[in-house]
Amino acid sequence: MYELMREIFPICRSITGNGVRQTLKKIQSILPIEIHEVPSNTKVFDWTIPKEWNIHDAFVKDPKGEKIIDFNNSNLHVVSYSIPIHKKMSLQELKSHIHTLPKIPDVIPYLTSYYNEDWGFCMTHNDFIKLEEGEYEIMIDSTLENGSLTYGEFLKIGEVEDEFLISCYICHPSMCNDNLSGPVLATILGKYLKEIKTKFSYRFLFIPETIGAITWLSKNEKSIHKIKNGLIATCLGDSGIMTYKKTRNGDNEIDRISKYVLENSKQEFNIIDFLPIGSDERQFCSPAFNLPVGSLMRTMHGKFPEYHTSADNLDFVKAENLEDALIKYSGIIFILENNKKYINLNPKCEPQLGKRGLYRQLGSQKNSEEKELAMFWILNQSDGKNSLLDIAIKSKLDFYLIKQVSDELLEHDLLKIV
Amino acid sequence: MYELMREIFPICRSITGNGVRQTLKKIQSILPIEIHEVPSNTKVFDWTIPKEWNIHDAFVKDPKGEKIIDFNNSNLHVVSYSIPIHKKMSLQELKSHIHTLPKIPDVIPYLTSYYNEDWGFCMTHNDFIKLEEGEYEIMIDSTLENGSLTYGEFLKIGEVEDEFLISCYICHPSMCNDNLSGPVLATILGKYLKEIKTKFSYRFLFIPETIGAITWLSKNEKSIHKIKNGLIATCLGDSGIMTYKKTRNGDNEIDRISKYVLENSKQEFNIIDFLPIGSDERQFCSPAFNLPVGSLMRTMHGKFPEYHTSADNLDFVKAENLEDALIKYSGIIFILENNKKYINLNPKCEPQLGKRGLYRQLGSQKNSEEKELAMFWILNQSDGKNSLLDIAIKSKLDFYLIKQVSDELLEHDLLKIV
Amino acid sequence: MYELMREIFPICRSITGNGVRQTLKKIQSILPIEIHEVPSNTKVFDWTIPKEWNIHDAFVKDPKGEKIIDFNNSNLHVVSYSIPIHKKMSLQELKSHIHTLPKIPDVIPYLTSYYNEDWGFCMTHNDFIKLEEGEYEIMIDSTLENGSLTYGEFLKIGEVEDEFLISCYICHPSMCNDNLSGPVLATILGKYLKEIKTKFSYRFLFIPETIGAITWLSKNEKSIHKIKNGLIATCLGDSGIMTYKKTRNGDNEIDRISKYVLENSKQEFNIIDFLPIGSDERQFCSPAFNLPVGSLMRTMHGKFPEYHTSADNLDFVKAENLEDALIKYSGIIFILENNKKYINLNPKCEPQLGKRGLYRQLGSQKNSEEKELAMFWILNQSDGKNSLLDIAIKSKLDFYLIKQVSDELLEHDLLKIV
């Protein structure tokens with residue numbers, strides 16, 4: 001995951017344009033995503049797909065003719081969706097188009113102006129205060145023209161049509177935690193799921209944030225009922241503890257499974273209620289859809305000072321944090337795939353386990369071993385209402401043990417699946 | 001409020017009689033209440049309206065002929081509803097008719113004998129122990145005759161018939177916290193509501209405790225279904241923290257609103273469950289009616305040592321405590337009036353706020369401002385089920401902000417009312 | 001109870017055989033239980049009633065011919081259901097049939113081999129390590145033959161068919177807490193209930209654990225719907241605090257009553273959730289039956305080191321602990337018998353208690369006494385939905401007071417029973 005991140009880090013992405021296409025091509029070399037293009041000006045619910053933006057170069061030259069801002073050094077230097085401009089102007093005029101972060105004076109902020117035609121530069125505050133009076137030359141070689149919005153999609157078809165949605169965004173320029181950590185995790189997870197047999201279908205979306213989710217929902221409205229669980233993958237590479245943000249209803253299966261996985265990780269974690277700011281859960285959980293989509297992250301957007309600045313870079317994200325996050329996503333999928341409900345075929349009293357070789361022969365003062373305990377729990381609770389996760393939670397026994405033992409009971413014809 | 005209290009403090013009230021009439025006349029000079037008279041012996045459910053009691057004078061003279069108890073000094077000296085008597089008797093005989101509080105020896109207790117024809121005097125224990133042997137002359141110049149029970153009522157008619165009931169009692173003699181704090185607050189609140197346009201109708205009752213509530217319910221049984229919320233106003237002038245006593249069911253709108261107002265007051269407060277002792281909530285919450293009527297007080301009856309004694313006087317109650325209580329009542333009414341439910345008219349994804357001038361133009365690392373946050377919360381939750389108070393509670397944003405922002409969204413045709 | 005325990009302690013019981021019959025005969029001399037015999041090989045659900053086991057003598061003689069294990073000293077010396085054997089063998093061969101507890105070296109463990117034909121001896125680890133090399137003579141004079149499984153049953157018929165089940169087991173050899181504490185408590189409780197008039201019917205079972213419960217359920221499947229509450233009586237004589245283990249659903253009447261009794265005992269206690277290990281609640285709470293049967297014990301099986309060893313003897317159990325447990329069982333039955341629901345016959349406002357002599361004549365600053373409080377609570381809550389226990393819990397008044405006052409209100413025609 002970290003290697004892929006390193007490769008796609010330098011690309012200048014925005015909500016449309018060639019940066020997105022390059023990024024998706026790179027992902028496609030690992031996971032066979034389908035790439036969709038939706039023309040500018042297409043109506044998507046209350047929104048309209050904007051013109052496509054591309055940028056080739058940009059700079060600001062000081063009165064001495066030296067480049068004090070050079071797009072080639074950092075693609076954060078230009079406000080995303082800046083219109084083309086080439087002009088000389090006084091420092092004073094220029095300043096009204098320059099954005100800095102006085103409180104974090106050594107980083108370049110990340111700004112966008114998608115829906116308001118404007119232009120601007122971003123720079124460190126340290127450099128900003130050194131600017132001298134005089135005439136500056138500014139140049140942004142960008143295009144804002146009819147084109148299309150690009151997104152990627154991968155569907156792993158499982159035994160059933162019910163889908164697990166994993167959505168991430170690919171619209172930020174060179175930033176790692178927010179944003180590349182999501183796509184790299186989704187790519188590797190998708191590649192893994194592609195290789196194995198699954199019960200559920202898994203849909204991966206690589207979309208520009210907000211407008212991409214709106215576009216996808218608008219084009220797929222008829223089939224979104226298939227989404228039974230979902231997660232937004234974002235901010236997964238920082239060194240903070242895991243954070244799970246609940247779905248809008250807060251009591252869906254994905255909420256219960258995510259809580260279980262985090263509680264059983266023996267690591268600290270946060271669980272927070274749904275709130276209508278954040279990433280694309282805002283769209284998936286809008287009132288007409290109200291999809292069971294939560295968000296599993298490390299530190300939430302806006303809660304780390306590197307957020308939306310040049311400090312959210314390849315040093316800020318660690319490979320081991322990405323790995324750990326992938327383990328959590330895999331754990332959730334493992335439980336989801338195996339969270340079955342059974343019916344005890346001998347529901348009147350306990351079946352005689354001893355005659356089937358499932359129980360110790362000698363009754364003694366010893367407490368039941370974990371495996372015997374698991375058998376009793378599964379048999380007692382398998383009335384068709386309790387899932388294996390419910391039983392794991394009630395019994396405080398590990399889900400993996402419960403799953404193994406239920407398989408063994410199934411083989412002995414003591415259970416049938418609901 | 002304090003001025004009105006000072007004026008009506010000296011009047012000798014009881015559950016019937018001219019003291020009540022005088023008090024209601026005084027209130028009528030501020031709020032146009034309707035005054036009702038219900039004849040003695042009228043059957044009201046399981047009860048019968050008692051004879052009307054009036055008192056003109058009363059004293060006890062010691063063996064030297066000096067008035068050691070004089071009704072003109074304090075109307076608490078005579079047990080309420082004492083029958084007329086004029087007689088000489090020994091100290092011993094007299095003592096069986098004298099009531100004191102040995103543990104608070106410097107105050108006169110307040111006692112009543114409404115439904116048992118008897119007579120008695122109350123005095124401080126300090127004076128009581130000074131009484132010397134000899135013959136005493138006692139005189140109570142009272143009448144207990146057929147007459148009527150008197151109560152006052154004011155109805156502010158709103159846009160809808162649904163009513164908010166505010167009930168207080170006007171049957172205690174010279175006592176301020178329990179009792180005058182309720183009527184003075186209700187009078188001023190009623191005067192204020194009379195002047196403004198309201199959605200709901202507001203019914204104010206000024207009744208003798210218990211028998212008055214029973215009488216009113218008996219006469220208005222057919223229309224009490226209009227009462228959708230209510231509060232008993234009592235003990236509102238002492239210096240204790242606010243106390244909200246829940247309705248019988250405990251989960252009515254008035255319970256949620258009162259809790260919200262107290263929690264957001266930045267002051268300490270108590271919330272207690274319903275219990276069937278107290279004031280007229282006992283009748284309004286009797287099982288056949290079970291009306292959504294709570295009680296908002298400062299210190300609950302019986303929990304302050306001045307309760308039902310001469311120490312519950314004009315010094316014990318402070319004008320600022322009454323003001324503070326009025327703010328709470330007004331806050332509750334403000335929320336009730338504005339606690340609407342809306343439906344988001346663009347429920348599929350978020351509407352594009354930017355094109356309506358409702359959203360900042362430049363995307364940056366800044367968190368949403370409170371107003372933007374409020375917009376997202378209202379749009380996300382307005383599915384017709386959540387009220388503005390529900391949204392304020394979930395979002396932890398101030399109700400007033402939520403109300404303001406919902407008005408703005410309504411103007412932009414982004415919401416419609418349920 | 002302790003006397004009865006002392007008498008039946010020496011008997012060698014197992015899940016079948018004459019030890020059970022002797023024990024039941026002894027109980028029958030106090031409580032007229034019906035004794036049932038169910039033939040070996042009868043199918044009971046997934047199980048088959050095993051052969052009947054009886055034992056007359058057993059020993060192990062050392063190379064010198066001295067009895068180093070003698071069944072007459074402790075019936076725990078022989079693994080229950082050991083097949084007959086008389087043989088000489090080396091120490092090494094013998095050792096594979098000897099069971100000890102190295103961590104508690106001075107006690108004899110209790111072991112069983114009901115469903116696997118085998119033989120074995122149990123002894124203290126201290127004695128075991130003294131065994132010398134040489135030839136040992138071992139003898140078990142037992143029979144394992146077709147016969148029957150024996151259990152006892154007593155039904156006290158009450159006014160209604162609804163039953164309270166009290167089940168205990170009578171299958172352990174000489175052990176007191178687990179197991180004799182249950183049968184002795186059940187016997188004395190049954191004797192007491194037999195003498196009095198009860199509303200509910202009370203069914204007492206004295207059965208071998210597991211196979212007995214399965215047998216009884218199998219034979220009585222059609223009538224078990226009458227069981228509305230139940231308790232497994234076990235481990236009631238040790239000095240630990242009381243433990244209530246909930247029914248499978250956890251919210252039955254027996255759960256609420258047991259919790260109330262323990263909370264109001266002014267003693268420490270435990271309440272634990274249902275778990276499918278333990279005693280016969282495993283069968284009564286199997287998914288097809290899911291009967292409202294909890295378990296009221298002192299220290300739970302396996303949580304005291306004396307469990308299933310020779311240390312669980314007449315010294316370990318104290319008469320006062322049995323008495324205290326009986327008080328709890330009686331308290332539960334008292335509440336169950338009296339936990340009625342009433343309807344207030346004057347549900348519109350409060351009835352006038354004063355005219356019925358139920359209320360003090362003089363209104364004063366005093367708070368209501370407990371009895372008045374109880375009246376107000378009962379009248380306010382008696383809408384046909386709240387039981388007297390519900391009212392006791394809400395009002396925090398004692399159930400006994402609530403019951404007494406409701407009787408008084410009933411006499412005054414202020415209530416009627418639902």
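These notebook entries record what I looked up in a predicted model.

**Entry 1. Conventions.** I worked with a predicted model in which local features need pLDDT of at least 70 and side-chain atom pairs count only at pLDDT 80 or more, whereas totals for chains, interfaces and linings use all residues. Residues are numbered from 1 along each chain as its sequence is written, chains are lettered from A and ligands numbered from 1 in the order of writing, and side-chain values use heavy atoms, with hydrogens and water left out.

**Entry 2. Symmetry.** I superposed copies by least squares on the C-alpha atoms of residues with pLDDT of at least 70 in both. Chain A falls on chain B with an RMSD of 0.1 Å after a rotation of 120 degrees and a shift of 0.0 Å along the axis. The two copies are therefore related as by a three-fold rotation axis. I then laid chain A on chain C, which took a turn of 120 degrees and a shift of 0.1 Å along the axis, with an RMSD of 0.1 Å. For this axis, the nearest C-alpha in chain A is that of Asp251(A), 13 Å away.

**Entry 3. Chain A against chain B.** I took contact as heavy atoms within 4.5 Å; chain A contributes 33 residues to it and chain B 24 residues. For buried area I used the accessible area (1.4 Å probe) that two parts lose on being put together, summed over both. Chain A and chain B bury about 2500 Å² between them, with 52% of it on carbon and sulfur atoms. On the side of chain A, Asp46(A), Pro276(A) and Pro287(A) lose the most area to chain B, together 24% of what that side buries.

I next searched this interface for salt bridges (a side-chain nitrogen of Lys or Arg within 4 Å of a carboxyl oxygen of Asp or Glu) and found five. In one of them, Glu221(A) pairs with Lys348(B), with the closest N and O atoms 2.5 Å apart. I also found 13 residue pairs in polar contact, both at pLDDT 80 or more. A polar contact is a pair of N or O atoms within 3.5 Å; within protein, one must be able to donate a hydrogen and the other to accept it, and residues adjacent in sequence count only if both atoms are side-chain atoms.

I assigned helices (H or I, at least four residues) and strands (E, at least two) as DSSP runs, numbered from the N terminus. Strand E3 (47-48), helix H6 (211-219) and helix H8 (281-284) of chain A are the elements that give two or more residues to the side touching chain B.

**Entry 4. Chain A against chain C.** Here I found 24 residues of chain A and 33 residues of chain C in the contact. The buried area is about 2400 Å², 52% of it on carbon and sulfur atoms. I counted five salt bridges between chain A and chain C. Lys355(A) and Asp46(C) form a salt bridge through their side chains, at 3.5 Å from N to O. Helix H10 (residues 370-381) of chain A gives the most to the side that touches chain C, with six residues.

**Entry 5. Whole-structure searches.** Over all chains I found 76 salt bridges. Within chain A, Lys245(A) and Glu281(A) form a salt bridge, their closest N and O atoms being 2.8 Å apart. Lys245(A) lies in strand E14 (residues 242-245) and Glu281(A) in helix H8 of chain A, so this pair ties together parts 36 residues apart in sequence.

I also searched for aromatic pairs, in which rings of Phe, Tyr and Trp (its six-membered ring) have centres within 6.5 Å; planes under 30 degrees apart count as stacked, over 60 as edge-to-face and the rest as tilted. The search gave 42 aromatic pairs over all chains. The rings of Tyr81(B) and Tyr114(B) have centres 5.4 Å apart and planes at 85 degrees, so the pair is edge-to-face.
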